[in-house]
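Q: Please take a close look at one part of this structure, the open sheet and the helix that packs on it, and set that part within the whole chain.

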Amino acid sequence: MSKKILLTSVCRPMGPQYGDAPSVGYELLYRQVTRAQGIFSPRTVNVHFGLDYIAENLDAPTVVLQYPSRRELIKELKKGYDYVGVSFIMAVMHKMKETVALIRKYAPDSKIVLGGYGTVLKDDVLKPYADHICREEGVAYFRRLLGEPEIPMPYKHPLIVSWLKVFGWKVSGTGKIFAGLGCPNGCDFCCTSHFFSRKHIKLLPTGQDIYNVVERYFDLDPSLVFLILDEDFLLNKKRAMEFRECVVQGDKRPSIFAFSSIKAISQYKVEEILEMGIDGFWIGYEGTRSNYAKQQGRPVADILTEFREHGITVLTSMIVGFDYQTPEIVAQELDGLMQLKPALGQYLIYGPVPGTPFHERVIKENLLQDVYTSDKDLFYRRADGFRTMMKHPTLSPAQIEDLQRWCFEQDFQRLGPSIYRVLESRFLGYLKLKDSANPVLRQKAEHYARDLRYAYPVFLPGKWLGPNAKIRKWIGDLESRIHVELGRPAFVQRWKSVLAVGAALWTGLTLKLDLFQHPRLQRTAYRLPGKRWSAFELWEEFQKKHPRPDFSVQVELQHAKQQVWMRLEGALSARDAEGLGQRIRDSLARSRSRLVLDLNKLHWDKVEDLRPLREKLAAYRSRIRVVLPRLSAAHPELLLLASMFQHY
């Protein structure tokens, strides 16, 4: 019989008020990047998406828990699992220990697998809490552990969407694209680079593979924006330019945020980057004298200025606590960065993470603060970038931590809330691109304009509640310039502006009283028999029974939404349509699954051949959504197709 797997994060609640380090929580932006911006901080919950990625690509029945409470985890453990995997980072090792204790008490027969970047710690530290430790790409590891056959990349890609909120309102959904792991740059402090021995693992090997994932997300929701998770996405120019070609030739115009270095970005023209759909970057500014290889290339000032003028928002990360830094040097570096007006800024303390060259140097030269040498648990708990762990040549730990707080506060006071800095960049990009001779860039300008009009209600809270008079005036002036160019807000938008002020004040109250700051449990079952998924094996058999070269069926079980996504590609005859329709009907009859029938890539020379398919499925059309190609006057047969499936 197949093994049964449970994959989980550590338990909630999390945060400094529960004894955790300052940046520990569920949100990268609020806890870390925009931590000084209070009510103006965008909010989004970051899940341990690697757990869902692994679960999607196993054969064994698997359940994923994101941020369970202790009670919710105990309830799940009592259902009985052969293996329980726990994902953690070093700063929550204390919570990992608590989670493992619960597993051993309530599921004593389960084998425990530890994974995530917390496994940079050595076996002598982790072995007391685990039967197995995963320190590699997780899908291959788990399949080998379970005795499942090796599968080639690209793996099946789960569709995971996070929602960005401003003042508690949902403003956009972000589709996560898992393009790669690891980084060859090898910065001495970087855990993610050295965890994979400075190797880059391409989860999506080609540009076409990445674009295919974009298309699937757009089929799910055409309004989504995207985050490409790859440490230095543009470093592999061949793959990036393949992706650009797909975007330019296709009919999808994505809005993408990516991670990249000055070295990688310097290989491209800004027009090429925009043609890929990329309009946001995380770039390591680090320090003006840090001299990392990834900083070689065009001057950072030239890149950030050009990006801002073209509407590309930039999140810059700066490090405090380098050996060469004094308060005066930190102030000079920050001044230089502030003049470039990044949309977002992160300021972390130079820290020695085990497994990195910097950690090796700190241990070799006895530079670790004495308190952390004698208390390893305290070292783990405080390893979040907000504590000074090492001895500095000229600065005390308190001075470095004060400098860090000062940088975050100066960023906010000088440049204002990041949400308005993003809008200003988008506005500059609209002005720059709206009359471009390049149609792709004109479409990007139209995208910027839509974002700006949608954001009209957010300006009133900034004008009333901004951090100081200068910033409040700047927000008002920006609003006026945008209205002149794009039109005045309608009555509904003006009314929403008033509501936004109330929402901002309510956000402040919830933060002060610690209300609604913790996510609910997200539980996703994969290949687990039940009422809704009782026929999941039938859905998976579909693509195996259509080996013809001119027609194929691809089936994706979207466990998080408890629906089946079926793509038909190639030429489908009337006879085959009738047989396929009967098999789909039988599967729907045996389950309560919802079905998305994707007809985007069918051949359209004989639309009438699909009539038997429609008729077979008519009884279940309330559970079926049909995805059709864009209608075009040049293809009147698509109008017939649309009319045929108009009730689906």
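A: The expected span of a helix is 1.5 Å times one less than its number of residues. This rule can be applied to helix H18 of the present model, which is a predicted one. Helix H18 covers residues 418-433, and its 16 residues should span 22 Å at 1.5 Å a residue; the C-alpha atoms at its ends are 22 Å apart, which agrees. Helix H18 is also mostly covered, since 13 of its 16 residues are buried, where buried means under 20% relative accessible area.

The requested part is considered next. Four strands form an open sheet in the order E16-E17-E18-E19, and their pairing is mixed. Strand E16 (551-558) and strand E19 (624-627) are the edge strands, each of which pairs on one side only. On average, neighbouring strands of this sheet are turned by 15 degrees against each other, direction ignored. Within the sheet, strand E17 (residues 563-570) and strand E18 (residues 594-602) run parallel and are joined by seven bridges. One residue pair illustrates this: Arg 567 has Asp 598 in E18 as its bridge partner. Helix H8, residues 207-220, packs on the sheet and touches E16, E17, E18 and E19; the direction of helix H8 makes about 120 degrees with that of E17.

The loop that leads to this helix also deserves attention. Pro 205 lies in the loop between strand E9 (201-202) and H8. Is Pro 205 buried or partly exposed? With a relative accessible area of 27%, Pro 205 is partly exposed, because partly exposed denotes the range between under 20%, which is buried, and over 50%, which is exposed. When residues up to four places away in sequence are not counted, Pro 205 touches Met 153, Pro 154 and Arg 239. Of these contacts, the one with Pro 154 spans 51 residues in sequence, while the two C-alpha atoms are 6.7 Å apart in space.

Other strands of the chain may be set beside this part. In strand E10 (residues 225-229), four of the five residues are buried, so strand E10 is largely enclosed by the rest of the structure. Strand E10 pairs in the parallel sense with strand E7 (residues 169-178) over five bridges, and Ile 177 stands opposite Ile 228 in E10. Three bridges also join E10 to strand E11 (residues 256-259), and these two run parallel; here Phe 226 has Ile 256 in E11 as its bridge partner.

Strand E13 (residues 313-320) is likewise largely enclosed by the rest of the structure, because eight of its eight residues are buried. Both of its faces are covered: Thr 313, Leu 315, Ser 317 and Ile 319 are buried on one side, and Val 314, Thr 316, Met 318 and Val 320 on the other. Strand E12 (residues 278-286) pairs with E13 in the parallel sense over six bridges, with Phe 281 opposite Val 314.

Finally, the chain may be viewed as a whole. The protein chain has 26 helices and 19 strands. Its C-alpha trace spans about 80 × 65 × 45 Å along the principal axes. A compact globule of 648 residues would have a radius of gyration near 26 Å, and the protein chain has 26 Å, which agrees. Of the 648 residues, 56% are buried. Among contacts in the chain with a separation of 6 or more, 73% come from residues 24 or more positions apart.

Conventions:
Residues are numbered from 1 along each chain as its sequence is written. This is a predicted model: local features need pLDDT of at least 70, side-chain atom pairs count only at pLDDT 80 or more; totals for chains, interfaces and linings use all residues. Side-chain values use heavy atoms; hydrogens and water are left out. Two strands pair if DSSP finds at least two bridges between them. Axes are lines fitted to C-alpha atoms, for helices over the stretch in contact, and angles run from 0 to 180 degrees between N-to-C directions. Contact means heavy atoms within 4.5 Å. Buried means under 20% relative accessible area, exposed over 50%, partly exposed in between (1.4 Å probe, protein chains only). The radius of gyration is taken over C-alpha atoms; the globule rule is 2.2 Å times the number of residues to the power 0.38.
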